[in-house]
Amino acid sequence: MQTYGDGGWTSVDRLGPGAIGRVRGLSAVRVGDAVGERQDPGEPHFPPPTLSAAVDTVRPEDGPALRTALTQLADQDPLINVHLDAAGKPTVSLYGRVQQEVLEATLADEYGVEARFADAAVLHIERPRGVGTAVERLNTPGNPYQATIGLRIEPAAPGSGVRFAVAAPARDMPLYLYGDVTRFAATIEQHVREALAYGLAGWPVTDCVVTLVEAGYSVADGPPSKRGPTSTARDYRKVAPVVCRQALRRAGTQVCEPVLRVSLEVPDADVAAVQTVLGRMGAGLTGQWPAGPMARIDARLVAARLHALQHQLPDLTGGEGLLEYRFDDYRPVHGRPPRRAAPGGAPTAESLT
């Protein structure tokens with residue numbers, strides 16, 4: 001372990017708060033891993049990315065190399081969330097345009113892939129409006145699979161993410177397939193999370209609790225309602241996403257957009273002009289303070305307006321304005337919410353037939 005000081009790197013036994021250091025010898029590390037002794041036992045929290053951009057190659061023959069490179073980069077930094085868009089192109093999540101330039105340079109320098117990014121779009125989320133419950137039972141019309149799954153979706157506190165719970169009795173679970181309740185629940189949770197990646201408007205669904213309320217499997221010598229061929233893992237893989245979509249439809253969703261906290265330092269003479277532009281953009285001012293010959297303005301601004309503000313600030317302030325921003329929260333979209341098309345293969349159907 002080394003730290004930088006006095007014009008060079010020196011070996012140290014400890015890095016304290018605020019120190020800049022580098023560590024060698026770690027075989028596999030990812031963004032979010034803890035190094036050293038953690039004083040706070042809680043999980044590290046990273047604000048979610050607010051932008052998304054499709055990535056393509058300048059040379060068509062580099063397509064396989066691009067996918068391989070992005071997979072490796074996503075393993076190092078899961079927050080870039082590599083996935084496919086509706087056109088089947090690789091898409092990454094971004095915090096800003098500087099990160100996009102860094103990714104572009106990394107792909108060129110380390111992987112020899114000349115990439116180009118489409119215009120970044122703002123990432124929205126969906127939250128359940130209410131409670132929705134759905135069940136698909138085996139041996140019933142409309143369910144050709146030998147599996148019973150019942151799910152309930154309900155809203156949770158903002159920022160809580162997706163939590164999965166189990167309320168179904170263990171005796172109704174196919175433990176002969178999964179070994180124990182924990183493995184069966186983990187498998188259903190994975191299918192649910194994949195289904196929630198694309199909500200009713202195509203955005204990720206979050207801030208909810210999904211509860212497994214019913215399960216069932218076929219038995220050769222059981223009652224007629226449960227009799228049939230032995231249930232397989234494929235049956236549950238097919239049924240769970242559909243039930244999740246049905247429950248989500250009954251709960252309803254609300255599309256929300258990211259909101260940023262922006263801090264600007266501008267010359268005193270330009271404060272009124274900057275405030276006028278912020279007002280036109282629908283920003284909410286949260287404070288204003290003198291800072292020598294400059295003034296500091298704090299405001300809340302939807303992420304979709306950030307690029308426009310960055311573009312106008314130099315002209316408004318004669319090139320002297322400074323802008324910093326950070327993620328704050330999500331708020332419901334006013335008016336008609338934007339929609340995002342799901343890629344081919346994403347679970348969007350709500351019927352098993």
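**A walk through one predicted chain**

Hello everyone, let's start with a single residue: Asp62 is buried, because its relative accessible area is 11%, and buried means under 20%. Keep in mind that what we are looking at is a predicted model.

So where does Asp62 sit? You'll find Asp62 in the loop that joins strand 4 to helix 1. And which residues does Asp62 touch, once we set aside its neighbours within four places in sequence? Asp62 is in contact with Thr57, Gly112, Val113 and Glu114. Now look for Gly130: between Asp62 and Gly130 there are 46 Å in space, C-alpha to C-alpha, and the two are 68 residues apart in sequence.

Let's step back to the whole chain for a moment. The protein chain has 353 residues, and 41% of them are buried. Its secondary structure comes to seven helices and 17 strands. Along the principal axes, the C-alpha atoms fill a box of roughly 85 × 55 × 50 Å. If we take the contacts with a separation of 6 or more, 73% of them are between residues 24 or more positions apart.

Next, helix 1, which runs over residues 63-76. Helix 1 has 14 residues, and from first C-alpha to last it reaches 20 Å, close to the 20 Å expected at 1.5 Å a residue. Which residues of helix 1 are buried? They are Gly63, Leu66, Ala69, Leu70, Leu73 and Ala74. These buried residues cover an arc of only 135 degrees around the axis, so they are on the same side of helix 1. Here is a handy rule: an α-helix has 3.6 residues a turn, so residues three or four places apart point the same way. And what do the buried residues of helix 1 pack against? Their partners are strand 4 (51-57), strand 6 (90-94) and helix 2 (97-111).

Now try the same exercise on helix 7, residues 306-317. Its 12 residues should span 16 Å at 1.5 Å a residue, and its end C-alpha atoms are indeed 16 Å apart. The buried residues in helix 7 are Leu306, Leu309, Leu313 and Thr317. Why do we place them on the same side of helix 7? Because they cover an arc of only 45 degrees around the axis. On the other side of helix 7, His311 and Asp315 are exposed. The buried residues pack against strand 14 (253-267), helix 6 (271-280), strand 16 (294-302) and strand 17. Right after helix 7 comes Gly318, with a positive phi near 60 degrees.

Helix 5 also has a glycine to show you: just after helix 5, Gly252 takes a positive phi of about 75 degrees. Helix 5 itself has 19 residues and reaches 27 Å from its first C-alpha to its last, close to the 27 Å expected at 1.5 Å a residue.

My last stop is the largest pocket. How do we look for empty space? Rolling a probe the size of a water molecule over the atoms shows where it is left. The largest pocket has a volume of about 1,400 Å³. Its lining has 40 residues, and Asn81, Ile125, Pro204, Val205 and Thr206 lie nearest the centre. The elements giving two or more residues to that lining are strand 9 (125-128), helix 4 (181-196), helix 5 (233-251) and strand 17 (322-332). By class, the lining of the largest pocket has 21 nonpolar, 11 polar and eight charged residues.

Thanks for listening!

Terms used:
Residues are numbered from 1 along each chain as its sequence is written. This is a predicted model: local features need pLDDT of at least 70, side-chain atom pairs count only at pLDDT 80 or more; totals for chains, interfaces and linings use all residues. Side-chain values use heavy atoms; hydrogens and water are left out. On a 1 Å grid over the protein atoms alone, a cavity is a set of points where a 1.4 Å probe fits but cannot get out, and a pocket is an open set with protein on both sides within 12 Å along at least five of seven lines; lining residues have an atom within 4 Å of a point. Grid points are joined across faces, edges and corners, and a volume is the space filled by probe spheres set on the points. Helices (H or I, at least four residues) and strands (E, at least two) are DSSP runs, numbered from the N terminus. Ala, Val, Leu, Ile, Met, Phe, Trp, Tyr, Cys and Pro count as nonpolar, Asp, Glu, Lys and Arg as charged, and the others, Gly among them, as polar. The expected span of a helix is 1.5 Å times one less than its number of residues. Buried means under 20% relative accessible area, exposed over 50%, partly exposed in between (1.4 Å probe, protein chains only). The arc is that of the directions from the helix axis to the C-beta atoms. Contact means heavy atoms within 4.5 Å.
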